[in-house]
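Work through the exercises below with the structure open beside you. Try each task before you read its solution.

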Protein chains: 2
Amino acid sequence: MSTEASQPVAAPAAAAAQNAKQGKKSKKQESQFLLKTPKGTKDWSDKDMVLREVIFSTLGNLFKKHGGVTIDTPVFELREILTGKYGEDSKLIYNLEDQGGELTSLRYDLTVPFARFVACNSISAIKRYHIAKVYRRDQPAMTKGRMREFYQCDFDMAGSYDVMVPDSEILAILCEGLTSLGINDFKVKLNHRKILDGIFKACGVQDEDVRKISSAVDKLDKSPWEAVKKEMTVEKGQSEEVADKIGEFVKVSGSIRETLEFLSSSELLKTNESAQKGIEEMAVLADYAEAFGIADFLSFDLSLARGLDYYTGLIYEAVTAASAPPKNAEELKAKAKKQETAEVEDASEYVGVGSIAAGGRYDNLVGMFSNGKSIPCVGISFGVERIFSIIKARAAKEWESLSASQTDVYVMAFGGGPDWTGFLPQRMAVAKQLWEAGISSEYVYKAKANPRKQFDAAQKSGAKLAVILGKEEYPDGKLRVKTLGQGDDSNEGELVDVKDIVSIVKEKLSSYNGGDADLLTRLVKNL
Amino acid sequence: MSTEASQPVAAPAAAAAQNAKQGKKSKKQESQFLLKTPKGTKDWSDKDMVLREVIFSTLGNLFKKHGGVTIDTPVFELREILTGKYGEDSKLIYNLEDQGGELTSLRYDLTVPFARFVACNSISAIKRYHIAKVYRRDQPAMTKGRMREFYQCDFDMAGSYDVMVPDSEILAILCEGLTSLGINDFKVKLNHRKILDGIFKACGVQDEDVRKISSAVDKLDKSPWEAVKKEMTVEKGQSEEVADKIGEFVKVSGSIRETLEFLSSSELLKTNESAQKGIEEMAVLADYAEAFGIADFLSFDLSLARGLDYYTGLIYEAVTAASAPPKNAEELKAKAKKQETAEVEDASEYVGVGSIAAGGRYDNLVGMFSNGKSIPCVGISFGVERIFSIIKARAAKEWESLSASQTDVYVMAFGGGPDWTGFLPQRMAVAKQLWEAGISSEYVYKAKANPRKQFDAAQKSGAKLAVILGKEEYPDGKLRVKTLGQGDDSNEGELVDVKDIVSIVKEKLSSYNGGDADLLTRLVKNL
């Protein structure tokens, strides 16, 4: 079963008539509708869900290990809550129709709802995680995992603490999260909004232009310096000189201590209070990163800017080789255009897809909801859809043989002749006993079925054992227990007393590891 | 922390200005907006989430035990997919705004998306569960758990099987699900659409009136017979005689075999093919219910009709004493009016709130999406929000002492004097070691903190052990491990080597049961 290619099916007459009435469709759609999920969304098949649940539980357990609790907020918020939080991206927010009552919109991320939650409930300190779907009316790029409906997996700490203490633990969680999912080839790019803003001002950018220059710099991971410089000068009105000064800073990256050394030696920044404050904080972070043993993953990269308005301090973004933009983006783009499949809705999907985890400090967002009573926050969001794609690609070899169901026992009945009833109620009663003992069991949903069909169904279910009710044996209080998947069909299994069946099955199952979820967990960790 | 009463907070100036611009608000809202979740939705606090996750994992494991797999579908569907599936309730569907592109609506249940999924992916057989939110623009009744955004927890079997075989297992799952959540005082009301439709026709109802008479009968759990009869005659045009004949049937309930005896002796039904087919199937079900040992939970109740259009065979609904309508509904209604709190938005919430689990057979729904290629289905939906309310009320005594976090170890540092650094990087390094060993650990996010504050924080976190770095001891390679919560603060704990810390902590923790999630699981099961 694959859910990747939805099959178009003609609509039933009633729905087709409905379509025609709406009169907004293309010619083709007037007479039938495509049976599919909305653009930028998709179904998750049973096997995909096994991997998704392994990822979610791995990260959930990680967050709990760090004292995290989970909460949940509605999928839509009052529209005013989301207003003015996302800068240029606000146009991507999904609105619900005004059907009378309040105006609402689907959440765009989990951060703004979290800040609203903290303010609503007058919370002064919380470490919370939230794994849930968010919605963006973006141009979808399915094959790269850029969807209109996608999961985010966020951990945030709210509360007033000493400088860089929660921030550094968030970075430790980021590194631990990725390695625990088998992703070891990543770099975490760091920067600090106070330093970045200080640089812009020291280079001559006016206060009111800082955010838009920051958003130009944010494009440096996808565009060359020349393009970004052009945006600053031609589109955003800075002089060549200012842009060139900025260029000298944003090309710098290295370990925290290396970049700090560069910054500390800068004459231009010496008198900039904001930059000096950021430099001080980054020096503290360097110590803590070493205490956590994560310094080697970190790169203090002055070109990292992050798009969102609400960051106020440390910002970061993890990238892997798999998520980095390919060198020959143009070539891939051309190739994608040739494919012309329904999936490739946007050729730009082959250009850099950004980070697999990102976040930062946002000290003023809660205050926007609580009359200015600020609660400092810092958080990380794992891009679980991209992580999913990376792990699935790596597990491609094992994927085919995975079974999504976790059935341990298949209950069968063998018999024949004109008086053969098929023992269906008896199979049900045996299965019931196994279920009560916590053992997953199935049987064929037919009054009578031949042995071949029952073995086929058992194999499909991935069951490890067969429990067999024989026409002559069962009335004598006996059952057979046979180990499956050994290519030894002639082996008739072991004859046991009906009353012992649960304990014998339990003992036999104890030699197996867990189901395919465990298998996948092991696969992920060993990769 | 409670999320039940959202605190209204004045809006920041920017958002207020935005409000004013929209010009659609009441006077009060023009100058500020209420900081709250949208009507009929709510936040879930950390402690509520612990219970919710226990419920979800209990039911998820149950479904897996029966060979179930899980899938996921988008929260919104193309609007045409939902059109014409929900009868009178279609007006409760949430639409997304037309922002260009496809017209979409939030899902109203998980059943129609499931049928769409089966058709889309050309699946011929699947046992799937899906735990996810659905959306209905209904009048909310928060205290009774009737929300506009709420979780459903569905298990459905699609595929062509022998009569009543999957249906009876679904009933076994229903009973097992409720008892595994500590709910034992329930009844499962059963009926069969073929019998019900046969009764209507045999009593003289015309084919085209059958569904609307069925929907009148469906109100018998909330309204007296006289009111339902009036609806049939005055509103829906049936004669007194027809209504009285129907009345003779729908007052009958009892065990499957008792009701079957009544039906079999009915002269009126003898020649009704539909009723006879249903009677035959119910006789088969009686055998299977006995095989599963669930017959005592079942009541074959001819007044059960179920509102949805798509059912074609067996239908069922589980009710508990807690979910039954109170005798003095009118009195409670008056009382609710007096309270006039924001929460009590609809006094009718005190009238019967319906079932805690319900479902039925729907053989034609998939066919509506696949050019008539039918895949027979049968399923159950657990009303997990109502179940949540029942369990939380029962666990009220233990609720206060529950901790939502699952922290095992609190890492502290004791010292003092002018040269005391607070050992923060050292605490981080110790915590890191514990995290790597899978042990949940926290520490105070301050460079220096006095012992009292650290013990207070440890208590709040629910930690079982303290690991203490002493100013003199730690440089000598020694740590203290102290058991918490024994009211024995003078006990200084055990002095151990730094290199042994992980194994010693693991050993000490092994004597504890799991966290509060486990505690709650035990509470639920023992109730």
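The exercises that follow concern a predicted model.

**Exercise 1. Relate the two copies.**
Determine what turn and what shift lay chain B on chain A.

*Solution.*
- Start from the general case: two copies of a chain are related by a rotation about an axis and a shift along it.
- Here the turn is 180° and the shift along the axis is 0.0 Å. The RMSD of the fit is 0.1 Å.
- The two copies are therefore related as by a two-fold rotation axis.
- Now check the contact residues. Of those in chain B, 100% recur in chain A, so the same surface serves both copies.

**Exercise 2. Describe the fold of chain A in numbers.**
Find how many helices and strands chain A has, and what share of its residues is buried.

*Solution.*
- Count the elements: chain A has 19 helices and 16 strands.
- Turn to burial. Of the 527 residues in chain A, 56% are buried.
- Then take contacts between residues at least 6 apart in sequence. In chain A, 70% of these join residues at least 24 apart.

**Exercise 3. Examine helix H3 of chain A.**
Compare its span with the expected one, and decide whether H3(A) is mostly covered or mostly open.

*Solution.*
- Helix H3 of chain A covers residues 46–65, 20 residues in total.
- From first C-alpha to last, H3(A) reaches 28 Å, close to the expected 28 Å.
- Of its 20 residues, 16 are buried, and H3(A) is mostly covered.
- Look just past the helix: Gly67(A) has a positive phi of about 85°.

**Exercise 4. Account for a buried acid.**
Asp154(B) is buried. Find what its side chain meets in a polar contact.

*Solution.*
- Place the residue: Asp154(B) sits in strand E5 of chain B, residues 149–158.
- Look for an opposite charge. The nearest such side chain is Arg128(B), at 4.6 Å.
- The cut-off for a salt bridge is 4 Å. Asp154(B) therefore has no salt bridge.
- Next, search for polar partners. The side chain of Ser381(B) makes a polar contact of 2.6 Å with that of Asp154(B).
- Beyond four places in sequence, Asp154(B) also touches other residues, including Phe63(B), Leu110(B), Tyr129(B) and Phe382(B).

**Exercise 5. Compare three salt bridges.**
The whole structure holds 74 salt bridges over all chains. For each pair below, state where the partners lie and whether they are buried or exposed.

*Solution.*
- Arg116(B) and Asp43(A) meet at 2.7 Å, N to O. Arg116(B) lies in helix H5 of chain B and Asp43(A) in the loop between H2 and H3 of chain A, so the pair joins two chains. Both Arg116(B) and Asp43(A) are buried.
- Lys229(A) and Glu240(A) meet at 2.9 Å, N to O. Lys229(A) is in helix H9 and Glu240(A) in helix H10 of chain A, so the bridge ties together parts 11 residues apart in sequence. Lys229(A) is buried at 13% relative accessibility. Glu240(A), at 48%, is partly exposed.
- Lys432(B) and Glu436(B) form a salt bridge with closest N and O atoms 3.7 Å apart. They are four residues apart in helix H16 of chain B, which means a separation of about one helical turn. Lys432(B) is buried at 15%, whereas Glu436(B) is exposed at 59%.
- Finish with a network: salt bridges that share partners join Arg52(A), Lys133(A), Glu149(A) and Asp72(B).

How values were computed
Residues are numbered from 1 along each chain as its sequence is written. Chains are lettered from A and ligands numbered from 1 in the order in which they are written. This is a predicted model: local features need pLDDT of at least 70, side-chain atom pairs count only at pLDDT 80 or more; totals for chains, interfaces and linings use all residues. Side-chain values use heavy atoms; hydrogens and water are left out. Buried means under 20% relative accessible area, exposed over 50%, partly exposed in between (1.4 Å probe, protein chains only). Lys and Arg count as positive and Asp and Glu as negative; His and the chain ends are not counted. A polar contact is a pair of N or O atoms within 3.5 Å; within protein, one must be able to donate a hydrogen and the other to accept it, and residues adjacent in sequence count only if both atoms are side-chain atoms. Contact means heavy atoms within 4.5 Å. The expected span of a helix is 1.5 Å times one less than its number of residues. Copies are superposed by least squares on the C-alpha atoms of residues with pLDDT of at least 70 in both.
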